[in-house]
Structures are given as structure tokens and as C-alpha cells.
Amino acid sequence: MGDIFNEQLVEKSNSLKDNLIRVAIIIGAIVLIMVCSMVPVLVGFLIPIAIVIIFGAVFLMRRLNVEFEYIFTSGDLDIDKIFNKNKRKKFISIDVRKIEIMAPVNSKDYASQLSNYEKVIDCSSGTNNNHTYAAMVVRNGKREKLILEPNEKMLKAIKKYIPRKIMQY
């Protein structure tokens, strides 16, 4: 079949939950600094403590800027999670031949096949559109629903390995 290599970057959009977490981090940092300023023993160390708290808050907020990189190489789909465009973490790796079905996530025709799962792994931008797919795969004895946003080139590359398992609109 030949070697196939394809990669794609999907930026996760900020959801209401992400924005609420950001607000909670800011409020938590302010409250923590205020509490430290009221404790007499810590008043002398207030500036270093405040700097540490602020750096911690910035670090946590940067972890909310997420992108997913899909890397498809000859039947293997590796998905990396990239935080703040500089820290990469291997997120998931699957052999696409183990996918039972891959269909548009909002499709009513395949709703029954895309149900009955133990875990959802969302590797999409967070906005369901015509390019958002759900793939059912069994990993470690658990049936998981993997949510992806492959572009046309990535979808064609995967389809070469599992032509009868990809359902399209």
C-alpha cells in the first residue's frame, strides 16, 4: 500500500468552561494573596509569595491554550496535545484498523453505532461541525469514543486503511 504520512493541527476553541476556569484562577490568586497579606508571619514574605502565586496562575492559564496535532503514518494515528504552542505531550495512539466505525458525530443515521461507550476522548476544536467525526475503538478492554476533526486529506488517508468503516454525509 506504500507509506502514507499526513499531519494536521486542530486548535481547541475556548469554551464557557475554559473561561470560567480562567476567572476562577484569577479570583483564587487574588484571594490567596489577600489571605497571605493578613497572616502576620507571612507579611514580610508577601512580595515573593505574590510573585509565586502570579507565576502559578499564569502557568495554569497557559495550560488552557490547547492544540491537537494529528499524525497519521501508515495506519497509525498519533495525537499529541500541545499546550500554549510550546509544550507537547503524547495524548493517544491508535491503529486505525481497530476502529469499528467512524462517522459524523451529529449523524442520526449512525447514532446507535456511536453510542454505548465507556469513555469519550475529545481531540477536536470543541465546535461540532460537518468535519467533526466520532470513531469507536476498543482500547485496553474499554469501548471508547474518539472525537476528531480530520480535514479531507487526513480523511482520505485513513479511508485507504478502513474504507468500509468510514461513513460520510
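A patch is made of residues with over 30% relative accessible area and no salt bridge, and nonpolar side chains are joined to it within 5 Å. In this predicted model, Val23, Ile27, Val31, Val35, Val39 and Val41 form such a nonpolar patch on the surface. Together these residues have about 490 Å² of accessible area. The points below treat the helix α1, the paired strands β1, β2 and β3, and the salt bridges.

**Helix α1 and the surface patch**

- Helix α1 covers residues 16–38, and Val35 has its place there.
- The helix has 23 residues and reaches 33 Å from its first C-alpha to its last, which is close to the 33 Å expected at 1.5 Å a residue.
- Val35 counts as partly exposed because its relative accessible area is 44%, and Val35 belongs to the nonpolar patch along with residues including Val31 and Val39.
- An α-helix has 3.6 residues a turn, so residues three or four places apart point the same way.
- Other residues of α1 are covered: Asp18, Arg22, Ile25, Ala29 and Cys36 are buried.
- The cover over the buried residues of α1 includes α2, residues 46–62.

**The loop after α1**

- Pro40 lies in the loop between α1 and α2.
- Pro40 is exposed because its relative accessible area, 69%, is over 50%.
- The C-alpha atoms of Pro40 and Ile101 are separated by 62 Å, and the two residues are 61 residues apart along the chain.

**Strand β1 and its pairing with β2**

- In a regular strand the side chains alternate between the two faces of the sheet.
- In strand β1, residues 5–11, the covered face consists of Asn6, Gln8 and Val10.
- The uncovered face of β1 carries Phe5, Glu7, Leu9 and Glu11.
- Strand β1 runs antiparallel to strand β2, residues 66–73, and seven bridges join the two.
- Two residues of the covered face can be placed against β2: Asn6 stands opposite Phe72, and Gln8 has Tyr70 as its bridge partner.

**Strand β2 and its pairing with β3**

- Strand β2 is mostly covered, with seven of its eight residues buried.
- Strands β2 and β3 also run antiparallel, and eight bridges join them.
- Ile71 stands opposite Asp78 in β3.
- The hairpin of β2 and β3 has two residues between the strands, and Ser74 takes a positive phi near 45° in this hairpin.
- Glu67 is found in strand β2 and is buried because its relative accessible area is 8%.
- Leaving aside residues up to four places away in sequence, Glu67 touches Leu9, Val10, Glu11, Lys12, Asp80, Lys81, Ile82 and Lys85.

**Salt bridges**

- The structure holds eight salt bridges.
- One of them joins Asp78 and Lys90, whose closest N and O atoms are 4.0 Å apart.
- This pair links distant parts of the chain, since Asp78 is in strand β3 (residues 76–83) and Lys90 is in strand β4 (residues 87–95), 12 residues apart.
- The two partners differ in cover: Asp78 is buried, with a relative accessible area of 17%, whereas Lys90 counts as exposed at 53%.
- Asp95 and Arg97 meet through their side chains in a salt bridge of 3.1 Å, N to O.
- Asp95 is partly exposed because its relative accessible area is 23%, and Arg97 counts as partly exposed at 43%.
- Glu144 and Arg139 form a salt bridge in which the closest N and O atoms are 2.6 Å apart.
- Glu144 is buried, with a relative accessible area of 4%, while Arg139 is partly exposed at 23%.
- Glu69, Asp80 and Arg88 are linked in a network of salt bridges.

Terms used
Residues numbered from 1 in each chain as written. Predicted model: local features only at pLDDT ≥ 70, side-chain atom pairs only at ≥ 80, totals over all residues. Heavy atoms only, no water. Patch = residues over 30% accessible without salt bridge, like charges linked within 9 Å, V, L, I, M, F, W, Y side chains within 5 Å. Areas by Shrake-Rupley, 256 points an atom, 1.4 Å probe, with all protein chains shown as cover. Helix = DSSP H or I, 4+ residues; strand = E, 2+ residues; numbered from the N terminus. Buried < 20%, exposed > 50% of the residue type's maximum accessible area, 1.4 Å probe, protein only. Pairing = 2+ DSSP bridges. Expected span 1.5 Å × (residues − 1). Contact = heavy atoms within 4.5 Å.
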